[in-house]
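Hi,

Here is the structure I said I would pass on. Have a look at it first, and then read my notes below.

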Amino acid sequence: DIVHSLQTHRARGTFFLMGSRVINHQAAIDYTLANHNEIASHGFSHKDMVKLTEAEMVEEIRLVDAAMEQQHQYTPRMFRVPYGNRDEAVLNVLAAEEKPVIGWSVDPYDWKVKDKETIVNHVLNSVQDGDIILLHDIYEPTAQAVAELVPALQERGYQIVTVSELFQFRGITPEPGVYYKKLPPEEA
């Protein structure tokens, strides 16, 4: 599995979790956290936030936080909007809820291609320092790709860290309601 692949190579990742999955995947969440990974929110039910009222957006955010706090004494600090869809209203709600908004800069469309080699090749051919790679942990080809990608990226000199660690290493404090898709190093 993906957490095992990360742990084997002393790497870590951020898992953007749908709140509706918290109750049925408690052991997996505990295992993920115990191996120094990070859990962030992906909304309760993967609804397109742009199409929701303000109250519905708040509910999508707070239900995840409540479930994680109740079951794991852990509150996700960051949020990934489903489908990457956001507008000013969504960002304003996420700012009020004190959630930085995390996107991605490398997307191998693993959910669509479902092919290990295609995923691996896409990531290795496009990744740069500071990129946030989007992968979906529910597909077996993705797990197979991660098992190959982690050591391959490390051999190229990349350190695989959580999104929070990436902010920390860059000396950036993530701001609520601000959208981040990569954190490249400052130009010399």
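Before the notes, one term: when I say that two residues meet or touch, I mean that they have heavy atoms within 4.5 Å of each other. Also keep in mind that this is a predicted model.

Let's start with a pair of helices. Which residues of α6 meet α7? On the α6 side they are K116, E117, I119, V120, V123 and L124. Their partners in α7 are P141, T142, Q144, A145, E148, L149, A152 and L153. Sorted by type, the residues of this contact come out as 9 nonpolar, 2 polar and 3 charged. Two packed helices are described by the angle between their axes and the distance between the axes. Here the axes of α6 and α7 come within 8 Å and cross at roughly 35°, and the crossing is right-handed.

Both helices also feed into the largest nonpolar core. That core has 26 residues, and the ones touching the most other members are L6, M68, L149 and L153. At least two core residues come from each of α1 (2-8), β1 (14-17), α3 (54-72), α6 (116-126) and α7 (140-155). The largest share is that of α7, with 7 residues. This fits a broader pattern: in soluble globular proteins, nonpolar side chains tend to be buried together.

L6 is a good residue to click on. Leaving out residues up to four places away in sequence, L6 touches A11, R12, G13, F15, N37, V150 and I160.

Now for the strands. β1 and β2 run parallel and are joined by 4 bridges, with T14 standing opposite E38 in β2. Is β2 (residues 38-41) buried or exposed on its two faces? Both faces are covered: E38 and A40 are buried on one side, and I39 and S41 on the other.

Some of that cover involves α8 (residues 163-170), whose buried residues pack against β1 and β2, and also against β3 (101-102) and β4 (179-180). V163, S164, E165, L166 and F167 are the buried residues in α8. Right after the helix comes G171, which has a positive phi, near 70°.

Finally, three single residues to look up.

- I29 sits in helix α2 (residues 26-34). I29 counts as buried because its relative accessibility is 3%, and the cut-off for buried is under 20%. Beyond its neighbours up to four places away in sequence, I29 touches L17, V22, I39, M68 and H72; M68 is one of the well-connected core residues mentioned above, and I39 is one of the buried residues of β2. For a sense of scale, I29 and N125 are 96 residues apart in sequence and 31 Å apart in space, C-alpha to C-alpha.
- E97 lies in the loop between α4 (88-96) and β3. Why does E97 count as buried? Its relative accessible area is 17%, so E97 is buried. Again setting aside residues up to four places away in sequence, E97 touches V58, I61 and R62.
- E56 is in helix α3. E56 is partly exposed because its relative accessible area is 38%. Between the C-alpha atoms of E56 and E186 there are 38 Å, and the two are 130 residues apart along the chain.

That's what I have so far. Enjoy looking around!

Best wishes

Notes: Residues numbered from 1 in each chain as written. Predicted model: local features only at pLDDT ≥ 70, side-chain atom pairs only at ≥ 80, totals over all residues. Heavy atoms only, no water. Core = buried A, V, L, I, M, F, W, Y, C linked by side-chain atoms within 4.5 Å. Buried < 20%, exposed > 50% of the residue type's maximum accessible area, 1.4 Å probe, protein only. Axes fitted to C-alpha atoms, helices over the stretch in contact; angles between N-to-C directions. Left-handed = near helix turned anticlockwise from the far one by under 90°. Nonpolar A, V, L, I, M, F, W, Y, C, P; charged D, E, K, R; others polar. Pairing = 2+ DSSP bridges.
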